[in-house]
2 protein chains.
Amino acid sequence: MGITIQEAARTSGLSAHTLRYYERIGLIHEVERDAAGHRTYAGSDLAWLEFLTKLRTTGMPIADMCRYAALRRQGPETAAERRRMLEVHRERVRERIARLNEDLAALDHKIDSYHAMEIT
Amino acid sequence: MGITIQEAARTSGLSAHTLRYYERIGLIHEVERDAAGHRTYAGSDLAWLEFLTKLRTTGMPIADMCRYAALRRQGPETAAERRRMLEVHRERVRERIARLNEDLAALDHKIDSYHAMEIT
DNA sequence: GCTTGACTTGGAGTGCGCTCAAAGGTGCAC
DNA sequence: GTGCACCTTTGAGCGCACTCCAAGTCAAGC
């Protein structure tokens with residue numbers, strides 16, 4: 001029961017290096033070990049990793065993710081605080097998407113002007 | 001004619017440090033100097049900076065921006081290549097927005113589940 | 001003339017998020 | 001039982017994009 005670090009790396013899209021690093025800084029809680037001392041990742045670990053990578057790709061700093069992970073380990077009484085963290089983060093993501101859309105429009109405009117240059 | 005580096009910093013949203021850094025690495029071409037050797041930024045410099053910051057905030061690496069800047073200095077015969085660079089970049093930006101929207105939806109879902117926890 | 005303050009330079013330092021190196025343990029195939 | 005692949009650890013190193021420092025220049029105000 002539980003998959004190796006290489007399999008977990010392939011599944012999560014992170015490197016084995018990064019998985020160990022995440023555990024070291026407390027982002028992932030103590031992964032189970034087999035008799036040889038090798039890590040074996042459970043389904044719950046993979047689900048958590050998937051959520052973590054969503055936070056990462058949406059730009060949450062590692063430090064905030066650590067804070068979230070610490071709250072999660074403290075138990076259900078921290079649920080409201082975790083929710084607030086996510087809400088604040090969501091707002092930032094929304095702003096970033098809005099900003100990206102604006103800049104994308106400017107980029108479109110610029111590219112159009114290059115096309116115009118080539119035609120004339 | 002031309003504004004000081006501090007004013008250019010305020011206008012562009014970059015720091016004076018960063019403006020000098022950008023010039024050093026060739027992102028901005030030799031800014032005019034006054035009698036004292038101080039930089040004086042022209043309107044065209046500010047327009048270029050504004051465009052550069054759009055490239056940055058949309059995630060273009062500095063190295064690519066340098067390449068774009070170098071092509072631009074070479075003159076109009078590089079227009080097609082610059083356009084292609086922007087088109088490639090635009091595609092990446094579109095993908096990133098799409099990915100962010102997906103992750104935003106997942107975040108919404110997660111926040112909803114926290115709300116559900118609190119109600120029950 | 002002296003202070004003040006904003007500017008100049010080259011090079012070193014910083015923070016983030018990994019990424020790798022070195023040295024060693026474990027278990028399976030032959 | 002030897003080789004090999006794959007795992008372990010601690011701690012150092014890296015790439016990016018700045019960011020700052022030290023030492024110096026210059027113009028204006030008193």
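**Exercise 1. The surface near DNA strand D**

Task: In this predicted model, determine which helix gives the largest share of the surface near DNA strand D, and describe that surface by its residues and their classes.

Solution. Step 1: the largest share of the surface near DNA strand D comes from H2(B), which contributes 3 residues. Step 2: H2 of chain B is joined by helix H4 (62-74) of chain B and by helix H1 (5-12) of chain A, and each of these helices supplies at least two residues. Step 3: there are 18 residues around DNA strand D, and those that come nearest are A:His38, A:Arg39, B:Tyr21, B:Ala36 and B:Ile62. Step 4: sorted by class, this surface holds 7 nonpolar, 8 polar and 3 charged residues.

**Exercise 2. The surface near DNA strand C**

Task: Work out which helices each supply at least two residues of the surface near DNA strand C, and which of them gives the most.

Solution. Step 1: chain A supplies at least two residues from each of helix H2 (16-24) and helix H4 (62-74), while chain B does so from each of helix H1 (5-12) and helix H2 (16-24). Step 2: H2(A) gives the most, with 3 residues. Step 3: DNA strand C is surrounded by 19 residues, of which A:Tyr21, A:Ala36, A:Ile62, B:Gln6 and B:Arg39 are the closest. Step 4: the division by class is 8 nonpolar, 8 polar and 3 charged.

**Exercise 3. The contact between the chains**

Task: State how many residues each chain brings to the contact, and find which helix provides the largest share on the side of chain B.

Solution. Step 1: the contact takes 26 residues from chain A and 26 residues from chain B. Step 2: on the side of chain B that touches chain A, helix H3 (43-57) and helix H5 (79-119) each supply at least two residues. Step 3: H5(B) accounts for the largest share, 23 residues. Step 4: the residues on this side of chain B comprise 12 nonpolar, 3 polar and 11 charged.

**Exercise 4. Symmetry of the two copies**

Task: Identify what kind of axis relates chain B to chain A.

Solution. Step 1: a turn of 180° with a shift of 0.0 Å along the axis lays chain B on chain A with an RMSD of 0.0 Å. Step 2: this relation is therefore that of a two-fold axis. Step 3: in chain B, B:Ile97 has the C-alpha nearest the axis, at 3.1 Å from it. Step 4: the same surface serves both copies, since 100% of the contact residues of chain B recur in chain A.

Key
Residues are numbered from 1 along each chain as its sequence is written. Chains are lettered from A and ligands numbered from 1 in the order in which they are written. This is a predicted model: local features need pLDDT of at least 70, side-chain atom pairs count only at pLDDT 80 or more; totals for chains, interfaces and linings use all residues. A residue is near a molecule or strand if its C-beta atom, placed from the backbone, lies within 6 Å of it. Helices (H or I, at least four residues) and strands (E, at least two) are DSSP runs, numbered from the N terminus. Ala, Val, Leu, Ile, Met, Phe, Trp, Tyr, Cys and Pro count as nonpolar, Asp, Glu, Lys and Arg as charged, and the others, Gly among them, as polar. Two residues are in contact if their C-beta atoms, placed from the backbone, lie within 7 Å. Copies are superposed by least squares on the C-alpha atoms of residues with pLDDT of at least 70 in both.
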